[in-house]
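Reader: I am in my first year and still learning to read structures like this one. Could you take a single part and go through it slowly with me?

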Amino acid sequence: MNGKKPSSVDEYLSTLPAAPRATLEKVRAMIKGAVPDAAEGMAYGMPGYKYDGRPLIYFAAAKNHLGLYGIPTVIEAHKAELAQYDLSKGVIRFPIDKAPTAKLMKALLRARIAEIEAQNAGRKRKPKK
């Protein structure tokens, strides 16, 4: 990768070995399938998605695992469903060769979307002139 950070999700995935790339492509497809209007891009050096102008979820590969990032309150609320994964405050770590199930991804994304919509509903909007 010659020290240059990837500027797109496709470029990021192209830098990975086959196994983590295949798994993260599944994760990407699940995100795009569950939230088709999410905006895809790069942030913090990893692929990420925004929904209604706010960060939705990020994913990345590490040496010995893959991770989902940016959803700490969702992780806390779904600890029982996530018991099989290695968790910390802001990350769900999963095996390089095994993506979370589509059902679990949809549940996590629905919960994060609900948070975003609640945050956006609470924003004061400027009155139209």
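Reader: Which residues of helix α2 are buried, and which are exposed on the other side?

Author: Please keep in mind throughout that this is a predicted model. Helix α2 runs over residues 18-34, and at 1.5 Å a residue its 17 residues should span 24 Å, which agrees with the 24 Å that separates its end C-alpha atoms. Its buried residues are P20, T23, L24, V27, R28, M30 and I31. Because these residues cover an arc of only 160° around the axis, they lie on the same side of α2, while A18, K26 and G33 are exposed on the other side. A general rule helps in reading such a pattern: an α-helix has 3.6 residues a turn, so residues three or four places apart point the same way.

We can now follow some members of the buried side, beginning with T23, which counts as buried because its relative accessibility is 4%, under the 20% cut-off. Leaving out residues up to four places away in sequence, T23 touches L66, F94, P95, I96, D97, K98 and A99.

M30 and I31 lead us to another helix, since both are among the residues touched by L109, whose place is in helix α4, residues 102-122. L109 is itself buried, with a relative accessible area of 2%. With residues up to four places away in sequence not counted, its contacts also include A34, V35, L56 and I57. The C-alpha atoms of L109 and I31 are separated by 7.7 Å, although the two residues are 78 places apart along the chain.

L24 and V27, also on the buried side of α2, belong with L56, F59 and L68 to the residues that have the most contacts inside the largest nonpolar core, a set of 35 residues. Helix α2 is one of the elements that each supply at least two residues of this core, and among the others are α1, β3 and α3; the largest share, seven residues, comes from α4. In general terms, nonpolar side chains tend to be buried together in soluble globular proteins.

F59 shows how one of these core residues meets the helix, for once its neighbours within four places in sequence are left aside, its contacts include L24, V27, R28 and I31. The contacts of F59 reach beyond α2 as well, and among them are V9, L13, M46, P47, Y49 and L68.

Key. Residues numbered from 1 in each chain as written. Predicted model: local features only at pLDDT ≥ 70, side-chain atom pairs only at ≥ 80, totals over all residues. Heavy atoms only, no water. Helix = DSSP H or I, 4+ residues; strand = E, 2+ residues; numbered from the N terminus. Expected span 1.5 Å × (residues − 1). Buried < 20%, exposed > 50% of the residue type's maximum accessible area, 1.4 Å probe, protein only. Arc of directions from axis to C-beta. Contact = heavy atoms within 4.5 Å. Core = buried A, V, L, I, M, F, W, Y, C linked by side-chain atoms within 4.5 Å.
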